[in-house]
Amino acid sequence: MRKNNRGALIVFSGPSGSGKGTVLGEYFKSHPEAAFSVSATTRKPRPGEIDGTSYHFVSRERFEEMIREGEVLEYTQYNGNYYGSPAGPIRKELEAGRDVVLEIEVDGAMQVRERFPEALLIFVLPPSFGELERRLTGRGTETPEEIAGRLAAARRELRQAHRYDYLLINDQVEEAAARLGEIIRAAKCTPARNELLLQEFSEE
Ligand code: ADP
Ligand code: 5GP
């Protein structure tokens, strides 16, 4: 229904281990037209992560240069590392009419909301805190200390969930991905996101 040529800016947050990456992977299978914003980070790659696909893995020096040069749309420090969304590729994709998904934490999400009020903010919840702990432990990619740090961060992040437009409970991956598609479709039908269409009707 949209006459807007620009794509939608979609922010996807949730505690580490809630299943953001897994649900997005499933979503992109059926939405190859959408773009994933590859963030820059100073953390070390996990096994299986590919530079330029999962993240742009950069040094602290390079990241601080990106901040100085205004190359990031938003950024934060999380568990001792920098994470940020490169601005150039996001602008390009939106201008080309493609939806762009940013998988970022709460602090960055609020920076996006400030700069782009029309952005769609979605928060992923695990079915329970116990299940979050099981998933983080089961993933086997962090040390027990790192897991403890992420669980403490999760408690803080979950308290911010009400600041988002939609909650997405990740119970079954396929169902959660399908619901994500429904949320995005519905959000694209709001008057605020269809200014051009409405303007056409107000012209004499
Ligand atoms: P995040 O990207 O939010 O940090 P991941 O996508 O890496 O989380 O998921 C964390 C762990 O939980 C992974 O091992 C993943 O396979 C598992 N997981 C994700 N979604 C589900 C689900 N709906 N049911 C069971 N396990 C899940
Ligand atoms: P992880 O180390 O598990 O990949 O990510 C840790 C946290 O950083 C997650 O909550 C993830 O969503 C967030 N994150 C990843 N990229 C960015 C980014 O570009 N900006 C911000 N603000 N957070 C990010």
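**Exercise 1. Identify the residue of β6 that stands opposite Y78, and state how β5 and β6 run relative to each other.**

Solution. Step 1: Y78 stands opposite N81 in β6. Step 2: strands such as β6 are DSSP runs (E, at least two residues; helices are runs of H or I, at least four residues), numbered from the N terminus. Step 3: β5 and β6 are joined by six bridges and run antiparallel.

This is a predicted model, in which local features need pLDDT of at least 70, side-chain atom pairs count only at pLDDT 80 or more, and totals for chains, interfaces and linings use all residues. Residues are numbered from 1 along each chain as its sequence is written, chains are lettered from A and ligands numbered from 1 in the order in which they are written, and side-chain values use heavy atoms, with hydrogens and water left out.

**Exercise 2. Give the order of the four strands in the open sheet with mixed pairing, and determine which strands stand at its edges.**

Solution. Step 1: the order is β4-β3-β6-β5. Two strands count as paired if DSSP finds at least two bridges between them. Step 2: β4 (56-57) and β5 each have a single partner strand and stand at the edges, so one side of each is left without a neighbour in the sheet.

**Exercise 3. Describe the open sheet of five strands, its edges and the bridges made by β7.**

Solution. Step 1: the strand order is β2-β7-β1-β8-β9, with parallel pairing. Step 2: the edges are taken by β2 and β9 (166-169); each has a single partner strand, so one side of each lacks a neighbour in the sheet. Step 3: β1 (residues 9-13) is joined to β7 (residues 100-103) by four bridges, and the bridge partner of I10 in β7 is V101. Step 4: two bridges join β2 (residues 35-36) to β7, again in parallel, and A35 stands opposite V100.

**Exercise 4. Characterise the surroundings of ligand 2: its nearest residues, its polar contacts and its cover.**

Solution. Step 1: there are 17 residues around ligand 2 (a residue is near if one of its heavy atoms lies within 4 Å), of which S39, R43, R46, Y55 and Y83 come nearest. Step 2: the shell divides into four nonpolar, six polar and seven charged residues. Here Ala, Val, Leu, Ile, Met, Phe, Trp, Tyr, Cys and Pro count as nonpolar, Asp, Glu, Lys and Arg as charged, and the others, Gly among them, as polar. Step 3: a polar side-chain atom of S39 lies 2.6 Å from an oxygen atom of ligand 2. For Y83, a side-chain N or O atom is 2.6 Å from an oxygen atom of the ligand, and for E103 the corresponding distance is 3.1 Å. Step 4: on its own, ligand 2 has 510 Å² of accessible area (Shrake-Rupley method, 1.4 Å probe), and the protein covers 97% of that. Step 5: β5 (72-78) and β6 (81-86) are the elements that give two or more residues to the shell around ligand 2.

**Exercise 5. Carry out the corresponding analysis for ligand 1.**

Solution. Step 1: 13 residues surround ligand 1, and G17, K20, T22, R139 and D171 come nearest. Step 2: by class, the shell around ligand 1 has two nonpolar, seven polar and four charged residues. Step 3: a backbone N or O atom of K20 lies 2.8 Å from an oxygen atom of ligand 1. A nitrogen atom of the ligand is 3.2 Å from a side-chain N or O atom of R135, and a polar side-chain atom of N170 lies 2.8 Å from a nitrogen atom of ligand 1. Step 4: taken alone, ligand 1 exposes 570 Å², and the protein buries 73% of that. Step 5: α1 (20-30) and α5 (129-139) are the elements that give two or more residues to the shell around ligand 1; α1 gives the most, with three residues.

Terms used. Polar contact = N/O pair within 3.5 Å; in protein donor to acceptor, adjacent residues only side chain to side chain.
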